[in-house]
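Thanks for coming. I have one structure to show today, and I will keep it short.

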Amino acid sequence: MASIIVPGALALRRPEPYYGRIIGRLTQYAHGIRGTVYAVDESTIFVKGFAYDGTGPDAYFWVGDTPQPSPEGTLVPYPEDYPSRDPPVLSSHTNSDILLRLPAGKRLRDIKWISVWCRRFTVNFGDVFLPPGLDPPRPRVLPEFKRLAHGLRSGNISVLDAKTFYIPNLHYDGAGPDAYFWVGNGSEPNPFGTKVPNEMGSLSPLRGYQGEDIELVLPGSLSAHDIDWLAVWCVEYRHNFGHVYIPKDLDVPPALGQTKITTSSTTSQVPFNAANNCKEILDKRLQVRWEVQGDHVQVTLAARLRKEHYMAFGLSGAEGRPAMLGADVVVAFWDTKNNQPRAFDYTISHLAQCDGERGVCPDARLGGSEDVAVVSGHQKDGVTTITYRRPLAATEHTRDKEILTSRSQSVIAAFGPLNSRYEANAHSFMDTTRSDVQLDFGAQNDNSCVGLATLDAAGPTPWSPRVLAGVTNMTARIGPAGGRRGYTPITGHPSWGIAWYINDQLIPEIYVERGKTYTFLVEGGDDRTNPAKFHPLYISDSSEGGFGQKRPEEQRKQRVFAGVAFDNEGYPYPTAVGRYCEWTHKTTDQSAASDTFEQYMRTLQLECNDGEPATLNWTVAHETPDLVYYQCYTHNNLGWKIHVVDPGTPMPIPGDKSAIVNEGSQLSAVIATVISTFIMTALSR
């Protein structure tokens with residue numbers, strides 16, 4: 001079968017799976033030591049398939065720069081983030097994947113060997129030596145985002161590892177209605193891309209950013225070696241707000257858990273591998289991320305918790321169905337009194353509150369041990385995130401259940417209130433698992449997360465519509481659409497985040513007289529290579545616009561009154577092509593916080609390119625319909641209504657905010673005109 005060449009696919013592919021530069025295999029001297037060692041980056045080591053019988057009394061991972069392993073080496077803590085000050089001695093492993101971070105600022109260039117070393121008896125159980133001239137993978141610095149629309153800009157973007165991007169000083173006005181971080185293949189961003197969760201792991205449309213530093217993690221099995229670009233892209237309107245290209249010769253570290261999320265937008269440090277495994281349950285209200293770390297599992301729970309409420313997650317009391325009775329769960333919550341995350345091991349011996357002997361009880365209250373350790377936690381944007389660790393083994397067989405890494409297991413989850421003891425109280429039927437949910441704790445790259453269900457919020461009150469009447473000279477510029485107060489609630493049409501500002505008013509309804517000439521100074525852009533800033537004005541009977549993007553048969557359905565001409569071969573082209581002027585946000589979109597349009601205008605600033613505006617002169621013919629529209633030639637839904645009246649017809653006072661909009665507008669205008677004409681005629685008799 002002939003091979004298929006995918007356009008835009010990378011010519012240079014990393015072997016899969018890729019663990020970094022190979023250092024070598026551990027040499028076994030005692031205790032069944034086995035494993036292959038890789039250099040992930042200049043300070044991180046990965047041991048694939050590590051084995052050790054666990055019988056050494058004081059064994060640790062050990063590194064040094066002496067000719068041979070010796071007591072002069074340095075201990076490498078494992079697990080790195082173990083909650084106690086000193087890590088435990090190495091336990092038994094049969095086929096574990098181990099990630100080691102060199103301590104005390106050491107780099108691979110500072111060491112010559114890696115050993116499994118017993119401190120008490122100064123014995124080397126196994127070792128591997130670093131090859132001379134080892135050059136580990138390193139992060140790659142890219143250019144900043146190309147600046148195309150919506151104030152998008154950033155500092156130089158870095159590829160930290162094969163799945164993680166660091167974007168410093170990110171600015172974006174947040175006004176795009178359906179914008180996402182977007183990756184894909186091809187010579188430029190296109191609709192055939194993939195959404196990338198934001199720095200909070202959500203796939204909600206992007207908010208505004210004002211100089212924030214963020215990190216993005218590619219979803220699923222995607223890596224930086226699989227893509228040609230990273231962009232901010234509006235899905236609904238298929239517009240590229242800005243992008244950066246990904247080089248084909250990337251030599252960055254693999255994504256094995258070494259990258260920490262430590263940006264201005266996320267205050268916790270979450271191991272990257274936890275993002276590889278993610279499942280959303282309870283109608284997408286609870287997000288569970290997990291990673292096996294040796295003989296422990298690290299779990300991150302995230303939910304929009306109400307105050308004094310908990311989230312619970314763990315192994316079901318029965319296989320193949322959700323069973324609270326006999327379940328082994330962790331109850332996590334935010335301690336508001338002490339402002340810190342909490343997580344406790346629970347046993348469910350009876351479907352009632354704990355009475356000190358049975359019920360939904362913390363293990364410690366029943367005389368058991370507390371096997372759960374909180375790693376980190378934070379609250380941001382209404383989401384509570386708590387990370388904890390617990391052993392895979394059932395340390396207390398009467399209360400605990402073993403977490404398996406060889407197959408899936410049934411899990412349960414619940415939300416509920418805390419009682420006065422800060423213990424789990426009852427939960428409602430809607431707040432607990434009602435069908436069998438299976439989770440494979442030993443999985444890698446099992447990520448089906450899309451984003452937590454968002455909280456419903458009442459929309460802000462729309463601004464009053466604007467009116468321009470008795471004006472013959474007008475400027476036409478681009479500006480933000482005003483979110484849920486502006487273009488869409490006024491027109492009932494969708495918006496991709498920008499709209500026409502006529503005389504610095506957001507989509508006013510314009511009144512014109514038949515027989516008169518009107519002049520528009522159009523500053524919608526003249527760069528045909530940048531569609532995001534090329535908006536020629538034209539006047540049509542189409543409430544949608546976008547004449548230039550329509551097929552010929554669709555164009556013939558529109559009547560055009562100004563702004564479009566045809567060349568010798570009959571092809572249309574726009575005539576009102578002038579410099580680009582745009583009202584931009586001084587910070588982020590403040591439409592929701594601006595009760596009036598006048599307040600909103602004070603949050604904007606005018607930015608104009610060099611050049612001259614285009615002039616569109618329109619003499620309104622007597623046969624012009626009563627209702628037409630000013631629109632953008634290249635895009636849909638940027639403009640609004642022009643009411644055409646006969647000479648002498650009374651018109652609204654300029655600046656009147658009482659215009660009626662949406663479906664009833666044309667009929668209301670006609671009725672108003674008829675009534676006014678009738679009154680004027682009666683008075684003249």
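I will go through the cavities, then a sheet, then one residue in a loop.

Before that, note that this is a predicted model.

Start with the cavities. How many of 30 Å³ or more does the structure hold? There are 2. The largest cavity encloses about 70 Å³ of space, and the second largest has a volume of about 30 Å³.

Around the largest cavity, the lining consists of V297, V299, F313, G314, L315, D328, V329, V330, Y388, R390, I403 and F441. If you want to find it by secondary structure, look at β20 (296-303), β21 (309-315), β22 (328-335) and β26 (383-391), since each supplies at least two residues of that lining. Sorted by class, this lining has 9 nonpolar residues, 1 polar and 2 charged.

Now the second largest cavity. Which residues line it? The lining is made up of D328, D345, D371, R390, P391, A393, T395 and D400. Here the classes come out as 2 nonpolar, 1 polar and 5 charged. D328 and R390 appear in the lining of the largest cavity and also in that of the second largest.

Next, the sheet. This one is open, with 5 strands in the order β2-β9-β8-β5-β6, and the pairing is antiparallel. Which strands stand at the edges? Those are β2 (27-28) and β6 (74-76); each has a single partner strand, so one side of each is left without a neighbour in the sheet. As a reminder, strands of a sheet pair through backbone hydrogen bonds, in either a parallel or an antiparallel way.

Take the β6 edge in particular. Strand β5, residues 59-64, pairs with β6 in the antiparallel sense over 3 bridges. Across from F61 you will find V76 in β6.

Last, a single residue, L108. Where is L108 placed? It is in the loop between β7 (93-101) and β8 (113-118). Is L108 buried or exposed? L108 is buried, because its relative accessible area is 5%, and the cut-off for buried is under 20%.

What does L108 touch, leaving aside residues up to four places away in sequence? The contacts are A39, D41, E42, I45, L102, L130, L134 and P136. One of these is I45. L108 and I45 are 63 residues apart along the chain, and 8.8 Å separates their C-alpha atoms.

That is what I have. I can go back to any part of the model if you would like to see it again.

Notes:
Residues numbered from 1 in each chain as written. Predicted model: local features only at pLDDT ≥ 70, side-chain atom pairs only at ≥ 80, totals over all residues. Heavy atoms only, no water. 1 Å grid on protein atoms, 1.4 Å probe; cavity = no way out; pocket = protein on both sides within 12 Å on 5 of 7 lines; lining within 4 Å. Points joined across faces, edges and corners; volume = space filled by probe spheres on them. Helix = DSSP H or I, 4+ residues; strand = E, 2+ residues; numbered from the N terminus. Nonpolar A, V, L, I, M, F, W, Y, C, P; charged D, E, K, R; others polar. Pairing = 2+ DSSP bridges. Buried < 20%, exposed > 50% of the residue type's maximum accessible area, 1.4 Å probe, protein only. Contact = heavy atoms within 4.5 Å.
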